Amino acid sequence: MKKIKSIFCIALAALTTTSCEDFLTLMPLNDIVLENFWTDKSDVESVLLGAYSALEKSDCVIRMSIWGEMRSDNIIAGKSPSDDILQITRDNILSTNSYTTYKCFYDVINRANTVLHFAPEVSAKDPNYTGAELQANEAEAIAIRSLCYWYLIRAYKDVPYTTIPSIDDTHDFFIGQTGFDEVLDSLIFDLERVKKYAVNKYTLATANTGRFTRAAIYAMLADMYLWKGDWDKVIENCEWITERKLFEYKEKLEDEGTACTVELINGYPLITETPISATAGNAYNEIFGTGNSFETLFELPYDQSTSNPFVSSYYNDKNSAVGSLKAVPEIGNGFGTGSGNKVFPQATDGRYYQCIKADGSSGDYGIMKYVYEQAKYNLSSGLITWESTQPVKRNNTEPNWIIYRYTDVLLMEAEAKVMKAAAMGGDENQFNAERDQLFQEAFNLVDAVNQRAICKKRYGEMAKSLVYSDYSASSQTMEELVLAERRRELMFEGKRWFDLVRMARRDGNTSRLTTLVLPKFDAATVSAVRIKMTDMNALYFPLNKDEIKINNLLKQNPVYVEDEFIEKATH
């Protein structure tokens, strides 16, 4: 990891200081860079790694988390939040809110576009820069650019879209927005075109999770196709990843033997939570504690020289129980033996312990995922109890931030299979062999993820908590099963709000979304939020007022136009 980080620093030094200035006023790269820098393949590699480094900076990773999670039914304001954070948790978002700015993502996009512009020229100059290396670098740059645009359109819907780098004064970068669907189609086209050229496996082990591999690109494509509603393509990309993971599992098993902590659950290779029958917590420790795990497909790496800027500032740190954000009471209330908890209905679901912790003094539930460096539970009684010295909070702020991991992919595939079955139409009360097969396959995927998390063993077999017949009566109950499992598995990872928006887009209305989200609001707020959220446009952020002031081609999200007028009138 330290080797990668040092290269990142070199890459940053190679570029001029195009810090997170407004994208629409980005200064061209320095003439010296244009004339003298792009000479061999190491120049391409250093600027490419610089794009990763820009992506992991605080402005980007904080927005990934806030845009994808904070408005969901998982989070409310915690201890001493900033006013901007408080207003987002109240769904009172104005165009002056600092988290509505998106310029740092366009800095990353510009770096990726610059690589794509100059890399072919370098290939013509440097005989050691092979065609395969050029194609792999281009695939990586397109993946980075696509990830940035993917976050932007899910947060804002319509955004400025360009594949031209800001390297000189010949291009006009005052451009308007491109629609969500058009941008999505462009991203899919680009990724499909280059995915076969991406690296399968890097020599440096940590690069296999800290850089885009072919598997990570397949995961992003599956995610995009899920929003597009192309269920067959989702399944195709997810199954490719599973084939890859099964191959890696066989290699790992041959190499490690009985020490291997990956096992097959319903035929899917997952890190076991309970490698030793008396204890649990291993999967959390490998995925979120150590990082660079078998299941991780792409994550932003942090170490002692570059701390994770989000976790300690917004979730928790080693000195407090509750940070500026906390879990909604529903996640914590009623959990225990014979759990009456609506989110974690099984009292042996280790994810409950890994995600939150009750603050005895306030009754609040602090967010603990990523905050714990190590988790370990004693199962000797058949139920979960903490080891006397566990869990262990970090003494640092180094956790890698995960963008895609394997259980995310399994649940994407499950959702696609359910929606494919739903698209068949007809009377769901009548037997349909193909539909039932899709439901059963979707259930097996969800059950695999759930089984791994249920930290209880009887006679060497993992206790099952899900029963197929409880959910198979309709497409909606199956869909809700998948979304509930995604909530449990991916809680506080910047996924939940995007999942709810995807569901609402599919429904064509906000009814189910508001049913889930409104209970977290207090009586003084809930009526206004209910009215606002009847408009689908309210599911997206407003453009920042400074962006619109600079570029008159940008059009504000119509939900927020009246808010802007009121705000101006009061000043």
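**Cavities, a pocket and two asparagines**

Helix H12 gives the largest share of the lining of the largest cavity, 4 residues. Helices here are DSSP runs of H or I with at least four residues, strands are runs of E with at least two, and both are numbered from the N terminus. Before going on, note that this is a predicted model, where local features need pLDDT of at least 70, side-chain atom pairs count only at pLDDT 80 or more, and totals for chains, interfaces and linings use all residues. Residues are numbered from 1 along each chain as its sequence is written, and side-chain values use heavy atoms, with hydrogens and water left out.

Let's stay with the enclosed spaces. On a 1 Å grid over the protein atoms alone, a cavity is a set of points where a 1.4 Å probe fits but cannot get out, while a pocket is an open set with protein on both sides within 12 Å along at least five of seven lines; lining residues have an atom within 4 Å of a point. Points are joined across faces, edges and corners, and a volume is the space filled by probe spheres set on them. By that recipe you get 3 cavities of 30 Å³ or more. The largest cavity holds about 90 Å³ of space, and its lining includes Tyr284, Phe288, Arg351 and Arg452. H12, helix H15 (350-355) and H17 are the elements that give two or more residues to this lining. Sorted by class, the lining has 5 nonpolar, 1 polar and 6 charged residues. For that sorting, Ala, Val, Leu, Ile, Met, Phe, Trp, Tyr, Cys and Pro are nonpolar, Asp, Glu, Lys and Arg are charged, and the others, Gly among them, are polar.

The second largest cavity comes in at about 50 Å³. Among the residues around it are Asp223, Trp227, Asp408 and Arg502. Helix H10 (214-228), H16 and H19 each put in at least two lining residues, with the largest share, 3 residues, from H19. The split here is 4 nonpolar, no polar and 7 charged.

Now for the open space. The largest pocket has a volume of about 740 Å³ and is lined by 29 residues, with Lys342, Ala484, Arg487, Arg496 and Leu516 nearest its centre. H18 (475-489) is among the helices supplying at least two lining residues, and its 7 residues are the largest share. The pocket lining counts 13 nonpolar, 5 polar and 11 charged residues.

Back to H12, which spans residues 282-290 and is home to asparagine 285. Asparagine 285 is buried, at 14% relative accessible area (buried is under 20%, exposed over 50%, partly exposed in between, with a 1.4 Å probe and protein chains only). A polar atom of the asparagine 285 side chain sits 2.6 Å from the backbone nitrogen of alanine 375. Compare asparagine 429, in the loop between helix H16 (406-422) and helix H17 (433-453): asparagine 429 is exposed, with a relative accessible area of 72%. Its C-alpha atom is 8.0 Å from that of serine 474, 45 residues apart along the chain.

Last stop, a strand. S7 (residues 296-300) is mostly covered, with 5 of its 5 residues buried. S7 runs antiparallel to strand S15 (residues 401-405), joined by 4 bridges; two strands pair if DSSP finds at least two bridges between them. In that pairing, glutamate 299 has isoleucine 402 of S15 as its bridge partner.

Terms used
Polar contact = N/O pair within 3.5 Å; in protein donor to acceptor, adjacent residues only side chain to side chain.
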